[in-house]
Amino acid sequence: MHLVIIGNGITGVTCALTVRRLQPAARITLVSAESAHHFSRPALMYVYLGHLRYQDIKPYEDWFWQENRLELVQAAATGLDAARQTVQLSTGAVLAYDKLLLATGSVGRRGTWPGHDLAGVQTFVTLPDLEQMTRDTHGIRQAVVVGGGLIGVELAEMLAAKGVAVTMLVRDDRYWGSVLPPEEAALIQRQLDDHHITVRYRTELQALLPDAHGRVRAVQTTAGEELPAQWVGLAVGVVPNLALARAGGLETDQGILVDELLQTSQPHVYAAGDCAQQRAPGPGEVAVEQLWYTGRHQGETVGHTLAGQPRPYRRGLWFNSAKFFDLEYQTYGRVPARPDAREHSFCWQHPNGRHLLRLNFRRDSLAVTGLNVLGLRHRHDTWHQWLQAGTPAPQVLANLGAANFDPEFFRQHEADIVRQFNAQFPEHAVPRPRRRGLFRV
Ligand SMILES: Cc1cc2nc3c(=O)[nH]c(=O)nc-3n(C[C@H](O)[C@H](O)[C@H](O)COP(=O)(O)OP(=O)(O)OC[C@H]3O[C@@H](n4cnc5c(N)ncnc54)[C@H](O)[C@@H]3O)c2cc1C
């Protein structure tokens with residue numbers, strides 16, 4: 001069997017390694033235009049900051065691929081003939097496949113604002129984006145970041161670390177207002193304030209204004225302001241990269257449409273990771289998932305199917321983590337930005353504004369439904385078990401120390417959290433927290 005994988009991101013590489021393990025004799029070719037070897041996309045910012053070098057964000061040594069008989073081709077796949085089972089490459093070569101996986105990832109949304117194609121205006125998704133940003137932000141004084149999601153705050157952090165004065169334009173009335181409840185957004189706002197990032201809420205980009213050399217010199221906002229900027233980062237989201245799928249006549253919508261085995265509309269052609277869209281997502285699941293963890297999970301799942309062990313993709317428990325400057329964030333289960341009438345939402349905050357725990361639980365059964373923690377680290381497996389089992393909130397709080405990731409290095413807040421919970425919900429009062437490590441589900 002010759003498996004051809006387009007894209008050497010986390011999805012493509014996880015699939016390749018899974019198939020290699022399950023089918024030692026398979027021929028596997030990984031094609032990618034962006035880089036010769038796989039690297040960690042979420043770590044790109046640390047290369048810009050100078051904390052890591054490019055070779056440090058490659059999880060595998062360069063000899064690894066040959067040793068595992070994974071053929072690497074650095075080229076763009078420009079055409080797909082599903083009837084003949086071939087892929088055309090930018091080098092002129094044609095690759096024949098028995099099975100094909102499209103793991104083509106996402107592309108940054110650029111928008112259509114006047115001036116969006118000026119020099120000094122860019123997205124931040126790829127290795128060339130990193131190189132361009134490094135070059136174009138060298139020695140500048142002011143920058144504007146458009147968009148207030150995870151990549152927006154990342155860009156602000158990167159620029160601020162280089163001494164650039166940053167203004168963020170955010171459409172919502174608070175940071176990441178479509179995802180985070182107000183208390184969480186306020187903690188992140190504090191980080192932005194501490195790092196002297198100016199944020200214009202309820203404000204969008206109107207136009208990008210050029211200087212005499214065709215480079216951006218300022219942005220005009222919908223609030224009528226003109227903000228000087230020698231560089232503008234567009235962080236208004238990413239969209240699935242559909243170019244090859246469309247060239248091959250595959251059915252697409254927002255993403256490449258796949259069934260639960262991650263198979264596309266064409267026989268022997270699969271799609272996974274950022275570029276894929278589930279035709280029938282399960283209850284509470286989203287059709288297009290653009291996360292590192294889900295890319296890895298989908299890559300592993302489709303790897304089993306491609307190796308002859310069909311495995312349907314199930315998203316399972318929602319989990320995500322990120323870092324906002326110095327503040328770590330984890331979320332498990334479902335924590336909507338606005339309260340759900342069927343649930344209580346208990347929110348504890350440390351008076352220093354640097355630690356927060358939110359616990360959502362059902363009003364009827366008291367079963368926990370979601371957790372947000374900021375400035376605290378919790379254990380994935382413990383929360384997975386609690387949420388899967390629908391453990392009642394008082395029982396979770398009585399055992400909260402068991403979820404604390406590295407208690408020996410961090411101050412303990414469990415007693416204070418329980419005290420506040422008991423004051424707010426006396427009818428569900430929790431006994432004093434048990435000692436750490438005694439938890440049993
Ligand atoms: C700056 C940044 C920070 C992020 N931080 C986080 C984070 O902290 N946590 C998190 O969960 N997620 C994060 N993400 C998202 C995460 O990186 C993606 O979800 C993940 O990389 C998707 O993996 P993938 O393998 O599906 O696609 P990608 O990593 O996008 O890889 C796809 C590859 O396919 C190549 N390709 C596409 N088309 C072709 C073609 N026709 N021919 C040849 N090659 C092609 C592309 O060039 C690319 O190299 C971040 C993303 C960015 C941009």
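Reader: Hi! Let's start with cysteine 347: buried or exposed?
Author: Cysteine 347 is buried, with a relative accessible area of 18%. That counts as buried because the cut-off is under 20%. Keep in mind that this is a predicted model.

Reader: Good to know. How many disulfides turn up in the whole structure?
Author: The search of the whole structure finds 0 disulfides. Take cysteine 275, which is in no disulfide: the nearest cysteine sulfur belongs to cysteine 15 and is 12 Å away.

Reader: And cysteine 275 itself, is that buried or exposed?
Author: Cysteine 275 counts as buried, at 0% relative accessibility.

Reader: Nice. Switching to strands: what does β1 pair with?
Author: Strand β1, residues 2-6, runs parallel to β2 and is joined to it by 5 bridges. There are also 4 bridges between β1 and strand β7 (residues 99-102), again parallel. Valine 4 appears in both pairings: it stands opposite threonine 29 in β2 and opposite leucine 100 in β7.

Reader: Where does the chain go between β1 and β2?
Author: Helix α1, residues 10-22, belongs with those two strands: β1, α1 and β2 make a right-handed β-α-β unit.

Reader: And how covered is β2?
Author: Mostly covered. Strand β2 spans residues 27-32, and 5 of its 6 residues are buried. β2 also runs parallel to strand β3 (residues 70-74), with 5 bridges joining the two. One pair there is isoleucine 28 with leucine 70 in β3.

Reader: What about β7, which strand does it join besides β1?
Author: β7 is joined to strand β19, residues 269-271, by 3 bridges, and the two run parallel. Leucine 102 has alanine 271 as its bridge partner in β19.

Reader: Let's zoom out. What are the domains?
Author: The domain assignment gives domain 1 as 2-107 + 239-306, domain 2 as 121-235 and domain 3 as 319-428.

Reader: How do domain 1 and domain 2 meet?
Author: Their C-alpha centres lie 30 Å apart. In terms of contacts, 11 residues of domain 1 touch 15 residues of domain 2. Together the two domains bury about 1,200 Å² between them, with 75% of it on carbon and sulfur atoms.

Reader: Which residues of domain 1 lose the most area to domain 2?
Author: Those are Leu44, Met45 and Tyr48, which together make up 60% of what the domain 1 side buries.

Reader: Can we look at a couple of single residues? Where is aspartate 136?
Author: Aspartate 136 is in helix α4, residues 127-136. At 15% relative accessibility, aspartate 136 counts as buried, because the limit is under 20%.

Reader: What is aspartate 136 in contact with?
Author: Setting aside neighbours within four places in sequence, aspartate 136 is in contact with Gly120, Arg215 and Trp231.

Reader: Last one: which helix holds arginine 190, and how accessible is that residue?
Author: Arginine 190 lies in helix α6, residues 182-194. At 35% relative accessibility it counts as partly exposed, because that class falls between the 20% and 50% limits.

Reader: What does arginine 190 touch?
Author: Not counting residues up to four places away in sequence, arginine 190 touches Asn352, Gly353 and Arg354.

Reader: And how far is arginine 190 from alanine 423?
Author: From C-alpha to C-alpha, arginine 190 and alanine 423 are 27 Å apart in space, and they are 233 residues apart in sequence.

Reader: Great, thanks for the tour!

Methods:
Residues numbered from 1 in each chain as written. Predicted model: local features only at pLDDT ≥ 70, side-chain atom pairs only at ≥ 80, totals over all residues. Heavy atoms only, no water. Buried < 20%, exposed > 50% of the residue type's maximum accessible area, 1.4 Å probe, protein only. Pairing = 2+ DSSP bridges. Right-handed = clockwise from strand over helix to strand, strands pointing away. Disulfide = S-S within 2.5 Å. Domains from an automatic or database assignment. Contact = heavy atoms within 4.5 Å. Buried area = accessible area lost by both parts, 1.4 Å probe.
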